[in-house]
Amino acid sequence: MVDFLGKSSIWSMTSNPSPEDKPLRSFGRTKGRPLSGRKQALVDSLLPKISIPVDGIVDPRALIPGKSEYNLEIGFGGGEHLTGQAITRSDAGFLGVEPFLNGVAKALGQIDDQGLSNVRLLEGDARDVMARMPDGCLDRIYLLFPDPWPKTRHAKRRLIQDETVAEFVRVLKLGGRLRVATDVKSYADHALFVLRQNLEFKWLAVGADDWRKPPTDHLTTRYETKKLGNCAPVFFEFKKI
Ligand SMILES: C[S@@+](CC[C@H](N)C(=O)[O-])C[C@H]1O[C@@H](n2cnc3c(N)ncnc32)[C@H](O)[C@@H]1O
């Protein structure tokens, strides 16, 4: 297999990965209620047209040519933030990955209603997609209100782990940004601890307002409005240095 995506990529593996190499599942259910007729039709007709490829290289520039910036949203839920950003930033390309089919179908509804041409989606695991991305191909990664996995025995399922953070660093260009938001205190502590250990990431906060207040370009997510966590939302902005 060609090894041009970087040493940390799965493509540099010479043998088949053993089950232990597979990352633990970081998400809950992948299907909810049966889709409405319109949503099923969008999954059948629109999704194949705007899908991120299910295998092979994922190069944002090739998928959405001619944009000034490329963004990835991991776990976009119903796609409110992803499509909202895509509406306000028509000069930028947006890739979204979400394993929950009903969320993907909801985002497709927005993409269709708004006639968005700068969004590509995949129903799947963002870690698999990042592993197929070239080094330095992204300007920004959003990880907004990730599943908190609050029980100690489930903590390994959290998306923020050393290996995933190394992948964030690899796929971001120099100066690229990662935004993490959560309203779960233990996840905030965990995320900061793991992210700050990576010396290629710099936390941009100077004062408390930098993480207590939503960034000016933040769009409230559906999960955020549910206020299910145990603290006010916090926003961590990291820069690849
Ligand atoms: C708590 S929800 C938040 C959804 C959305 N970001 C919001 O704020 O409304 C976390 C989402 O992350 C998704 N997720 C978990 N692991 C993922 C992974 N490995 N790749 C992509 N999405 C993932 C889940 O399916 C779920 O929809």
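**Figure 1. Polar contacts of the ligand with Gly-75, Asp-125 and Tyr-223 in a predicted model**. A backbone N or O atom of Gly-75 lies 2.8 Å from a nitrogen atom of the ligand, a polar contact being a pair of N or O atoms within 3.5 Å. A nitrogen atom of the ligand also has a polar side-chain atom of Asp-125 at 2.9 Å, while a polar backbone atom of Tyr-223 is 3.0 Å from an oxygen atom of the ligand. The protein buries 93% of the 590 Å² that the ligand exposes when taken alone (accessible areas by the Shrake-Rupley method with a 1.4 Å probe). In this predicted model, local features need pLDDT of at least 70, side-chain atom pairs count only at pLDDT 80 or more, and totals for chains, interfaces and linings use all residues. Residues are numbered from 1 along each chain as its sequence is written, and side-chain values use heavy atoms, with hydrogens and water left out.

**Figure 2. The shell of residues around the ligand**. Of the 19 residues around the ligand, those that come nearest are Ser-26, Gly-75, Glu-98, Leu-144 and Thr-221, where a residue is near if one of its heavy atoms lies within 4 Å. By class, the shell holds nine nonpolar, five polar and five charged residues.

**Figure 3. The crossing of helices H1 and H4**. The axes of helix H1 (residues 37-50) and helix H4 (residues 101-114) come within 9 Å and cross at roughly 75 degrees (axes are lines fitted to C-alpha atoms over the stretch in contact, and helices are DSSP runs, H or I, of at least four residues). H1 and H4 are therefore roughly perpendicular to each other, a term for angles of 65 to 115 degrees.

How values were computed
A polar contact is a pair of N or O atoms within 3.5 Å; within protein, one must be able to donate a hydrogen and the other to accept it, and residues adjacent in sequence count only if both atoms are side-chain atoms. Ala, Val, Leu, Ile, Met, Phe, Trp, Tyr, Cys and Pro count as nonpolar, Asp, Glu, Lys and Arg as charged, and the others, Gly among them, as polar. Axes are lines fitted to C-alpha atoms, for helices over the stretch in contact, and angles run from 0 to 180 degrees between N-to-C directions. Helices (H or I, at least four residues) and strands (E, at least two) are DSSP runs, numbered from the N terminus. Angles under 35 degrees count as roughly parallel, over 145 as roughly antiparallel, 65 to 115 as roughly perpendicular and the rest as oblique.
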